[in-house]
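User: Hi! I'm new to reading protein models and would love a close look at one part of this one. Could you walk me through it slowly?

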Amino acid sequence: MIFSDLSRRRPPINLLLKIAADEYQVQKTSRNQQVCLLHNEKLKLFCQNDEVLICLVCQSSKQHKVHECCPVEEGAQQRKTEISAMLESLREKLRILNKTKAHWEETKNYIQSQAYQVEEAIKEEFENLRRFFQEQENSRLKVLKQEEEIKTQVMCEKLENIKGQIKTLSSTISDIEEALRAKDLPFLQDYKQTKKRAKSNIQEPECIRDILINSAKHLGLLRFGIWKKMANIVTCVPITLDPNTAQSNLKFSGELTCVQYSSKQLLPDNPERCTSRVCVLGANGFTSGKHSWTVEVGQGKDWYIGVAQESIKRKSSVFLNPSEGFWVIGLCNGDSFWAQTSPRTKLVMKQMPEKITVQLDFDKGKVVFINAADLTTIHTFKDKFTERIFPYFSPGLCAMGEMSIPLTICPLTVTVCVG
């Protein structure tokens, strides 16, 4: 059969594969026998140029005559030292990769935890909004119900009154009609009485005004009215804090507008995080224009506020001065007030401010600190900004058991008006 003939045929030989297999076999035999295949002599030397084992005859041959050779033991020792160094480098890379892997796994877990926390915060805020809207709805429906009850009661009373009038008038009409059907003598006998009854003193029905539900009051500009009332529960701040830049002892509240020192948290050491100082940056940086925000420092004894450039060293110790990218002022130990210039400038004030306004003019290179109580200037930095500038906040440390004084970004005044 044709099929059986084909099955007995040998497949074609792959020459490239055969040559590679033969070379591998020769190399394997050479390694096992430790003799030179060309001269059948022991491999006693190592050619450092070609990095191969050779025999004494190979050394004097044209191929290796000018090459630098050494005994096998010496060559092995040198190459083992070289490979050991490379191995150590590989081990270091493996250690870095494993450390990075562990860090990334922690970061992945933190992302999930962070997302859950943010999700819960969002739900809470929307629950507050839903509660506000429900209260507004209930309040407006209550006012509507009250109006309905009052106006319905008025109509009920007027209907009862007019029903009485109708009954009385109907009875009078029936009596007069009966009198008119009487004979002349009886009619005339009762004439005066019938005439008196015919002179009805019932007034014309009144025209009841403003009795309908005031739909315009309840529905007109309903959304706008709710929006105006929301101004009482909604705050607007010019700066939001960025927790991804915060040192691990800081905690936040008030929609990321308030920061204070707290117990240490397990946070990923991401590149943006400041670990060398107990501080946090604002979420948005500035590359131009004028910007202003007010910080409530309260009765805090240690704090720093101001601005910092984006490239500040976040993982290593730095001095808080303009040469390091900081333009800040601060209070130390409750009585030492400084502008962090180089060297520091002592600030003398009759009373420590509790609210300080920071005014940044990026284009003119100015940072002005103002006492919000009397609008007096505390200190002014003048410099040239060449990169993005971020608001800087540091609430300082506090001893165990002591209540930390927070730094709070003051909200702006929200007004709703119609143009």
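I'm curious about the charged side chains: which residue does the side chain of D175 meet in a salt bridge, and what is the N to O distance?

Analyst: Sure, let's dig in. Keep in mind that this is a predicted model. The side chain of D175 meets that of R197 in a salt bridge, at 2.5 Å from N to O. D175 sits in helix 4 while R197 belongs to helix 6 (residues 191–198), so this pair ties together parts that are 22 residues apart in sequence. How open are the two partners? D175 is partly exposed, with a relative accessible area of 28%, and R197 is partly exposed too, at 34%.

Why can a pair like that form at all? Side chains of opposite charge can pair when their charged atoms come close.

Now let's look at helix 4 itself, which covers residues 72–180. With 109 residues at 1.5 Å each, helix 4 should span 162 Å; its end C-alpha atoms are 155 Å apart, which agrees.

Some salt bridges stay inside this helix. Take E92 and R95: their closest N and O atoms are 2.6 Å apart. Because these two are 3 residues apart in helix 4, about one helical turn separates them. E92 is partly exposed, with a relative accessible area of 33%, and R95 is partly exposed as well, at 45%.

You can find a similar story with R130 and E127, whose side chains meet in a salt bridge at 3.4 Å, N to O. Again the partners are 3 residues apart in helix 4, which means about one helical turn lies between R130 and E127. R130 is partly exposed, with a relative accessible area of 48%, and E127 is partly exposed at 36%.

Next, try finding E147, K151 and K217, which are linked in a network of salt bridges. Are E147 and K151 buried or exposed? Both are buried, and they have company in helix 4: the other buried residues there include G75, Y110, F132 and A179.

So what do the buried residues of helix 4 pack against? Their partners include two strands, strand 1 (45–47) and strand 3 (69–71). Among the helices they pack against are helix 5 (184–189), helix 7 (215–219) and helix 8 (222–230). Helix 6 is on that list too, and that's the helix where you met R197, the partner of D175.

To put these pairs in context, the structure holds 13 salt bridges.

Note on methods:
Residues are numbered from 1 along each chain as its sequence is written. This is a predicted model: local features need pLDDT of at least 70, side-chain atom pairs count only at pLDDT 80 or more; totals for chains, interfaces and linings use all residues. Side-chain values use heavy atoms; hydrogens and water are left out. A salt bridge is a side-chain nitrogen of Lys or Arg within 4 Å of a carboxyl oxygen of Asp or Glu. Helices (H or I, at least four residues) and strands (E, at least two) are DSSP runs, numbered from the N terminus. Buried means under 20% relative accessible area, exposed over 50%, partly exposed in between (1.4 Å probe, protein chains only). The expected span of a helix is 1.5 Å times one less than its number of residues. Contact means heavy atoms within 4.5 Å.
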